[in-house]
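Student: Could you teach me how to read charged pairs and strands in a protein model, beginning with a helix?

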Amino acid sequence: MNKKRVAFIAFGAIIAVCFICFVCFVIPKSGLNKEYSETAFYMDTTVTVKIIGENCEETAKAMFNTVDVLEKFCLSRTVEGSDIFNINLNGNAEVSDQTLEAITLSLDVCKRSNGALDIGIGSLVDLWSVTSGRSTPPSADEVAALSGNKYDLISVDGSIVTIDKSGLLDLGAVGKGYACDRIHEVAEMAGLKKAVVSVGGSILFYGDDDFTVGIASPERGSTDYIATISIPACCVSTSGTYERFFDYDGVCYHHILNPVTGYPVQNGLTSVTVISENGLISDALSTACFVLGIEKGKELCKEYGCQAVFVTDDKLVYTTDSIRDSVNLIDSEYRFA
Ligand code: AMP
Ligand code: MG
């Protein structure tokens, strides 16, 4: 081979290596790993997607579509033909794998929380209708007629779910967290670098870095945070009195109900935030712990290996033991208990 030919091949090889390096290392870091955010309305709440990765717009669409399908075909009580609608209409129905998973996991929390979470109290939820604009409390007789635990009226046999006619399924306390679990799958399939997706009060934090999570101020109308928590990827759900409520005669009637008394919980708590690897569990426990109160709530969190932050109306902040050091109070009116 003459010298000229060797030089030509070497030059060609260098150009090829440079091109491969450019395609493999430079383009993904600059051009393709974009940041993207979009907000839409599903499950009667705001869904916000913030992601970093390739094909972000398509991935965000897939995430919204996942929530839409979950709502329409599985979890909605009001959309005709959904699994939950069919169970409530006929007393039983064969359901999809996703509905089955959501119901099975929820029933486990209903049992372990001794009915503080109760996915069978749809009629009581309807009576209070805090979500659809009720402005006066129902009568004591109306409440008494629907109070009491109902989750033991629900049974699962294979993919058939049955409920006795004195109960009504309502997955309002767990559905948004479960949506985070399904969105997590989409993030994985799309190979995203990072994602923060909120479905109402439940948020998925996805990616390798640590995240800073804000605990919302319970003051009405406030968009401030009272504290931040530094944590690795997880799901975080908050149940708060300030989310849905009405005032009557100086009393705040909010949307988290004590199934036994039939009334909105009045135990001095204004919010409970639960951190878990599983979205449904974080959502189910935030509601259950709100009903149980601080001590029993902490015990339930321990059973599920979850962390929690409890905020009271006298501005005290309680946490499960191992998360205390990661919580940073930023509102000077609040202090650790
Ligand atoms: P969350 O915001 O996750 O605490 O869920 C509250 C929603 O769950 C309410 O709007 C009701 O639809 C429903 N709910 C209220 N209290 C309970 C309860 N104790 N168990 C199960 N669902 C409940
Ligand atoms: Mg919940």
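Student: Where do K72 and D68 lie?

Tutor: Both K72 and D68 belong to helix α2 (residues 56-75), where they are four residues apart, about one turn of the helix; helices here are DSSP runs of H or I with at least four residues, strands are runs of E with at least two, and both are numbered from the N terminus. Please keep in mind that this is a predicted model, in which local features need pLDDT of at least 70 and side-chain atom pairs count only at pLDDT 80 or more, while totals for chains, interfaces and linings use all residues. Residues are numbered from 1 along each chain as its sequence is written, chains are lettered from A and ligands numbered from 1 in the order in which they are written, and side-chain values use heavy atoms, with hydrogens and water left out.

Student: What do K72 and D68 form?

Tutor: Side chains of opposite charge can pair when their charged atoms come close. K72 and D68 form a salt bridge, with their closest N and O atoms 3.1 Å apart; the term requires a side-chain nitrogen of Lys or Arg within 4 Å of a carboxyl oxygen of Asp or Glu.

Student: Is D68 buried or exposed?

Tutor: D68 counts as buried, at 17% relative accessibility, whereas K72 is partly exposed, at 41%; buried means under 20% relative accessible area, exposed over 50%, and partly exposed in between, using a 1.4 Å probe and protein chains only.

Student: How many salt bridges does a search of the whole structure find?

Tutor: The search finds eleven. One of them joins D44 and R244, whose closest N and O atoms are 3.8 Å apart. That pair links distant parts of the chain, 200 residues apart, with D44 in the loop between β1 (34-42) and β2 (45-53) and R244 in the loop between β10 (234-240) and β11 (245-248).

Student: Which side chains of strand β5 point to one face and are buried?

Tutor: In a regular strand the side chains alternate between the two faces of the sheet. Along β5 (residues 160-163), V161 and I163 point to one face and are buried, while I160 and T162 point to the other and are not.

Student: Which residue stands opposite V161 when β4 and β5 pair?

Tutor: V156 stands opposite V161, and β4 (residues 154-157) pairs with β5 in the antiparallel sense over four bridges, where pairing requires that DSSP finds at least two bridges between two strands. These two strands form a hairpin with two residues between them, and G158 in the turn has a positive phi of about 60°.
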